[in-house]
Amino acid sequence: MVRLILASQSPARTKLLAEAGIRHTVLVSDVDEDAVQARYGVTDPHDTALLLARAKAEAVAALPDSEGALVLGCDSVFEFDGEAHGKPYTADVARERMLRMSGSSGVLHTGHWLVDCRDADTDDDGGDGAGSGATLGAVASAEVAFLDMDAEEIDAYIATGEPLHCAGSFTIDGLGGAFIRKVDGDPHAVVGLSVSTLRGLLAAANVRITDLWPPR
């Protein structure tokens with residue numbers, strides 16, 4: 001049976017996989033995102049999302065518990081006015097960003113990186129049980145347009161705590177969805193994990209996404 005490990009502590013990502021019927025377990029990496037970015041220097045938001053996703057996947061892939069599994073790392077970065085916005089962490093940062101985002105739009109980039117930790121030797125039948133040795137990634141991006149938001153609404157939203165730990169200071173699948181006018185692109189990418197992108201990465205590792213559906 002094919003095993004998928006999600007190298008992310010995001011409840012939204014694991015919920016999305018569960019609702020898509022994709023069997024998985026969670027193993028969180030201890031990657032220092034700031035250190036990774038400092039090591040590789042300034043990159044654009046698209047490349048930063050992929051870089052951090054790769055760092056998380058490779059960190060978890062190196063753990064003994066990942067032996068024989070496929071490991072998926074993900075990271076999201078919001079691009080607004082040419083700047084890369086990760087998690088705001090503080091109310092002041094979230095408020096400043098959301099006041100600027102009101103009535104405007106930006107692009108949410110979600111990087112995906114898949115590492116195949118299965119034995120690369122072919123099995124006796126030469127079948128799909130063998131690992132591919134694949135280590136590859138892709139970015140799914142979507143443009144997000146926001147409604148006008150007044151200061152009181154923004155403060156009330158921040159008071160819930162939801163936007164403080166989300167790339168770009170918003171969610172689409174939670175309270176923040178009330179402030180989103182439209183999404184141009186894969187809405188799953190805005191949640192933090194594109195299922196269709198995952199399907200493509202799995203195919204490169206000779207795995208069908210249906211192999212991860214619950215047995216019937």
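In this predicted model, Cys166 is buried, with a relative accessible area of 17%. Cys117 is likewise classed as buried, its relative accessible area being 18%. Neither of these residues is bonded through sulfur to another cysteine: the closest cysteine sulfur to that of Cys117 belongs to Cys74, at 15 Å, which is too far for a bond. Cys166 is also in no disulfide, and its nearest cysteine sulfur, again that of Cys74, is 15 Å away. The cut-off applied to a sulfur pair is 2.5 Å, and a search of the whole structure returned zero disulfides.

Helix 5 spans residues 151-159, and its buried residues are Ile154, Tyr157 and Ile158. These three cover an arc of only 100° around the axis, and therefore lie on the same side of helix 5. Glu152 and Ala159, on the other side of the helix, are exposed. The cover over the buried residues of helix 5 includes helix 4, residues 91-101. At the N-terminal end, helix 5 is capped by Asp150, which places a side-chain oxygen 3.1 Å from the backbone nitrogen of Glu152. Just after helix 5, Gly161 adopts a positive phi of about 85°.

Helix 5 and helix 4 are also linked through charged side chains. Asp155 and Arg95 form a salt bridge with an N to O distance of 2.7 Å. Because Asp155 belongs to helix 5 and Arg95 to helix 4, this pair ties together parts that are 60 residues apart in sequence. Both partners are partly exposed, with relative accessibility of 35% for Asp155 and 27% for Arg95.

A further salt bridge is found within helix 4, where the side chains of Glu96 and Arg100 meet at 3.5 Å, N to O. The two residues are four positions apart in helix 4, so about one helical turn separates them. Glu96 is partly exposed, with a relative accessible area of 40%, and Arg100 is partly exposed at 30%. Glu96 and Arg100 are joined with Asp81 and Glu83 into one network by salt bridges that share partners.

In helix 3 (residues 45-61), Arg54 and Glu58 are placed four residues apart, or about one turn of the helix. Arg54 forms a salt bridge with Glu58, in which the closest N and O atoms are 2.8 Å apart. Arg54 has a relative accessible area of 37% and is partly exposed; Glu58, at 34%, is also partly exposed. The count of salt bridges comes to nine.

Leu198 is located in helix 7, residues 195-204. Its relative accessibility is 0%, so Leu198 counts as buried. When neighbours within four places in sequence are left aside, the residues in contact with Leu198 are Leu4, Leu17, Ile22, Leu72 and Leu193. The C-alpha atoms of Leu198 and Trp113 are 8.9 Å apart in space, while the two residues are 85 residues apart in sequence.

Terms used:
Residues numbered from 1 in each chain as written. Predicted model: local features only at pLDDT ≥ 70, side-chain atom pairs only at ≥ 80, totals over all residues. Heavy atoms only, no water. Buried < 20%, exposed > 50% of the residue type's maximum accessible area, 1.4 Å probe, protein only. Arc of directions from axis to C-beta. Contact = heavy atoms within 4.5 Å. Polar contact = N/O pair within 3.5 Å; in protein donor to acceptor, adjacent residues only side chain to side chain. Salt bridge = Lys/Arg side-chain N within 4 Å of Asp/Glu carboxyl O.
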